[in-house]
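Here are my notes on the pockets, for your review. Please read them with the structure open.

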Amino acid sequence: MQKRLLIISAPSGAGKTTIAGRLMSAFPQLAFSVSATTRSRRPGEVDGKHYYFLTHDEFKQRIAAGDLVEYEEIYGNYYGTLRSEIQASLDAGRTLIFDVDVKGALSLKQQFPDQCLLVFIAPPSLEVLQARLAGRKTEDEAQLARRMERAREEMDYRSRFDIVVVNDDLERAVEELVGALGAKLAAE
Ligand code: ADP
Ligand code: 5GP
């Protein structure tokens, strides 16, 4: 069966955002599932496009109202998938791409087992991951250390994903993934 929910997970810095962007160019039917978060906005990020940026109180209200399909506390902030985001797309017959952590991916799969295709982007090594994260310059030393600690845990989840791609060379990894997804994604 062709899938309508493409879930991309990876340790922070493995190239998930970069690869998700490339997949959206390769598959024009993909719309990005905008998550809610309490973390502060990075330069260039747009509210409602990259995330819905909420305060802690707003996020807690959305949890209480049952508006979130899944959520996690990551690096001291909340991140979660809005029910409205998924439902509107499935109702309209659209195909969505998600950027969520490994637990969020497994939770979505549990709730939408027939619709989810789970992709894990792995770094070539933890050393390379650290270098890429440092090169991105969006985290300070303490945040970087926390992301590396979490990356080690996240790598243990890779066997539970449908497709695992090592992001060594970006062009090669994108080509491999586009090839693997072609027949599996709903066309429109
Ligand atoms: P994530 O969304 O998983 O946190 P990003 O897509 O932001 O990761 O990538 C982290 C950094 O690594 C970025 O600066 C990006 O340009 C770089 N990057 C991504 N893929 C590769 C690759 N194959 N080789 C070298 N650098 C890469
Ligand atoms: P970042 O702060 O780098 O944008 O994201 C940090 C982590 O939160 C990443 O692993 C990202 O995939 C994850 N994330 C983003 N949105 C969601 C979401 O809606 N649910 C879950 N579970 N994780 C998310």
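The points below take the two pockets in turn.

1. **Status of the model.** This is a predicted model. Please keep that in mind when you look at the side chains around each pocket.

2. **Largest pocket: volume and centre.** The largest pocket has a volume of about 940 Å³. Its lining counts 41 residues. Closest to the centre are Lys-16, Thr-17, Arg-42, Tyr-51 and Asp-99.

3. **Largest pocket: elements.** Which elements give two or more residues to this lining? They are two strands, β5 (68-74) and β6 (77-82), and three helices, α1 (16-26), α5 (126-136) and α6 (141-155). The top contributor is α1, with six residues.

4. **Largest pocket: chemistry.** The lining of the largest pocket is mixed. By class, it holds 14 nonpolar, 13 polar and 14 charged residues.

5. **Second largest pocket: volume and centre.** The second largest pocket holds about 190 Å³ of space. It is lined by 13 residues. Arg-39, Asn-77, Glu-139, Gln-143 and Arg-147 are the closest to its centre.

6. **Second largest pocket: elements.** Here β6 and α6 are the elements that give two or more residues to the lining. The most come from α6, which gives three. Both elements also give two or more residues to the lining of the largest pocket.

7. **Second largest pocket: chemistry.** How do the lining residues of the second largest pocket divide? Six are charged, four are polar and three are nonpolar.

Methods. Residues numbered from 1 in each chain as written. Chains lettered and ligands numbered in written order. Predicted model: local features only at pLDDT ≥ 70, side-chain atom pairs only at ≥ 80, totals over all residues. Heavy atoms only, no water. 1 Å grid on protein atoms, 1.4 Å probe; cavity = no way out; pocket = protein on both sides within 12 Å on 5 of 7 lines; lining within 4 Å. Points joined across faces, edges and corners; volume = space filled by probe spheres on them. Helix = DSSP H or I, 4+ residues; strand = E, 2+ residues; numbered from the N terminus. Nonpolar A, V, L, I, M, F, W, Y, C, P; charged D, E, K, R; others polar.
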